[in-house]
Amino acid sequence: MVKISKLSAALLLLPGIAAGQGNETVALADMRNMAQALELVALDTTRYVSLENLNDVSASNTTNPFDSIRDQGGPYTIIPQDGFFLPRKDLTLGPNPWRGPYVNFQQGRTQTGLTPYDQGSPLDPWGTPYYLFNPFGLVRGDQGTITQELYADRFDRYTIVSLGPDRVMSSDDIPFVFGAGVTSSRLTSLRGTGVTLTSSPQAPPIYDVKAGATVILRGFNFGGPASNKSVTFDGTLLTDVISWTSREITVVLPEMLRGTGGFVVNVGSRPTNSITATIIAGYTDADNWHIYD
């Protein structure tokens, strides 16, 4: 975690493109400043906020409603070590008040529309929003959810990403990793042949899964295999577990399993969140011909 003294908490400025600076250098400086600002927000309020909130003021008479930290009753917030969004909260109230703005975004370098990311998000030197991820996925402060867009749940710590010169997810992307990570256990996504995402990538994931499929359950802080850990679907214990790591569990579903319910990983006495899926009819012989290719 970046350590910032409250006594020396000068206003962090999101720099423009200075003469002689390459865009990559500017992007890294931007992301470093925003990461430090998030740490400073956490020191003041005990929470993280989304990137678009970093320039917010306490007053409500702003040019853009979303530039007030009180807009819609306050932002969705995240306790850094948990990684979950909490309900909207007025951060100007209570013993740990908002002291922003923590960053000044330059005029013309914020997203004015509702897409592709949160409204008011800062833009990188190529005009694309900076994206904030945690180990559970893309942090969507406008809706208070963690989604499986772009890099989804691939990062092990909080990470700000610039999509780079080509403005799409590719090898020229620039990530900036920060923070101490999360300590909570969470199920984030399902993978594998026979697993189909049926919800929008911008929404909490819902899947169709074929009975008998080998499913990879991805998440965080699952621990290693042990007798007090288990996987269930709609309350049914799944016993055919092939492998178990802190990040992934591979399990074979029973051929006769059917219905709509939730996958849950039980780590000791603490169940994770549930991911919804519908188990449909399993494989035919034709489905399995790929193993002979």
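Trainee: What share of the contacts in the chain with a separation of 6 or more comes from residues 24 or more positions apart?

Mentor: Keep in mind that we are looking at a predicted model. The chain is built from 1 helix and 20 strands. Among contacts with a separation of 6 or more, the share from residues 24 or more positions apart is 58%.

Trainee: How much of the chain counts as buried?

Mentor: Let's take the surface to begin with: the accessible surface comes to about 13,600 Å², and carbon and sulfur atoms own 54% of that. Now turn to the residues, of which the chain has 293. The part of them that counts as buried is 49%.

Trainee: Which element gives the most residues to the largest nonpolar core?

Mentor: In soluble globular proteins, nonpolar side chains tend to be buried together. Here the largest nonpolar core has 42 residues, and those with the most contacts inside it include Leu51, Ile160 and Phe178. Two or more residues each come from α1 (23-45), β5 (131-134), β6 (137-140), β8 (158-162) and β9 (174-178). With 9 residues, the element that gives the most is α1.

Trainee: Which residues does Leu38 touch, leaving out those up to four places away in sequence?

Mentor: Leu38 is a good one to click on, being among the residues with the most contacts inside the largest core. With residues up to four places away set aside, Leu38 touches Tyr48, Val49, Leu51, Leu54, Leu132 and Phe178.

Trainee: How many residues are in the second, separate core?

Mentor: Look for Phe222, Val231, Leu238 and Leu253, which are included in this second core. The core is separate, and its residue count is 24.

Trainee: How many residues apart in sequence are the parts that Asp44 and Arg99 tie together?

Mentor: The side chains of these two residues form a salt bridge, with 3.8 Å from N to O. Asp44 counts as buried at 7% relative accessibility, whereas Arg99 is exposed at 55%. Asp44 belongs to helix α1 and Arg99 to the loop between β3 (85-86) and β4 (103-104), so the parts tied together by the pair are separated in sequence by 55 residues.

Trainee: Which residues are joined with Arg140 into one salt-bridge network?

Mentor: Start at Arg140, which is buried at 5% relative accessibility. Its side chain meets that of Asp142 in a salt bridge of 3.5 Å, N to O, and Asp142 is partly exposed at 33%. Arg140 also forms a salt bridge with Glu149, where the closest N and O atoms are 2.9 Å apart, and both of these residues are buried. Through shared partners, the network joins Arg140 with Asp118, Asp142 and Glu149.

Trainee: How many salt bridges does a search of the whole structure find?

Mentor: We have already met some of them, including the one between Asp44 and Arg99 and the one between Arg140 and Glu149. Over the whole structure, the search gives 9.

Trainee: Is Phe105 buried or exposed?

Mentor: You will find Phe105 in the loop between β4 and β5. Its C-alpha atom is separated by 9.5 Å from that of Gly120, 15 residues apart along the chain. Buried means under 20% relative accessible area. Phe105 has 12% relative accessibility, so it counts as buried.

Trainee: Which residue has its backbone nitrogen 2.8 Å from a polar atom of the side chain of Asn273?

Mentor: Asn273 sits in the loop between β19 (270-271) and β20 (275-280). Beyond its neighbours within four places in sequence, Asn273 is in contact with Arg186, Leu187, Phe263 and Val264. The backbone nitrogen at 2.8 Å is that of Leu187.

Terms used. Residues numbered from 1 in each chain as written. Predicted model: local features only at pLDDT ≥ 70, side-chain atom pairs only at ≥ 80, totals over all residues. Heavy atoms only, no water. Core = buried A, V, L, I, M, F, W, Y, C linked by side-chain atoms within 4.5 Å. Buried < 20%, exposed > 50% of the residue type's maximum accessible area, 1.4 Å probe, protein only. Helix = DSSP H or I, 4+ residues; strand = E, 2+ residues; numbered from the N terminus. Contact = heavy atoms within 4.5 Å. Salt bridge = Lys/Arg side-chain N within 4 Å of Asp/Glu carboxyl O. Areas by Shrake-Rupley, 256 points an atom, 1.4 Å probe, with all protein chains shown as cover. Polar contact = N/O pair within 3.5 Å; in protein donor to acceptor, adjacent residues only side chain to side chain.
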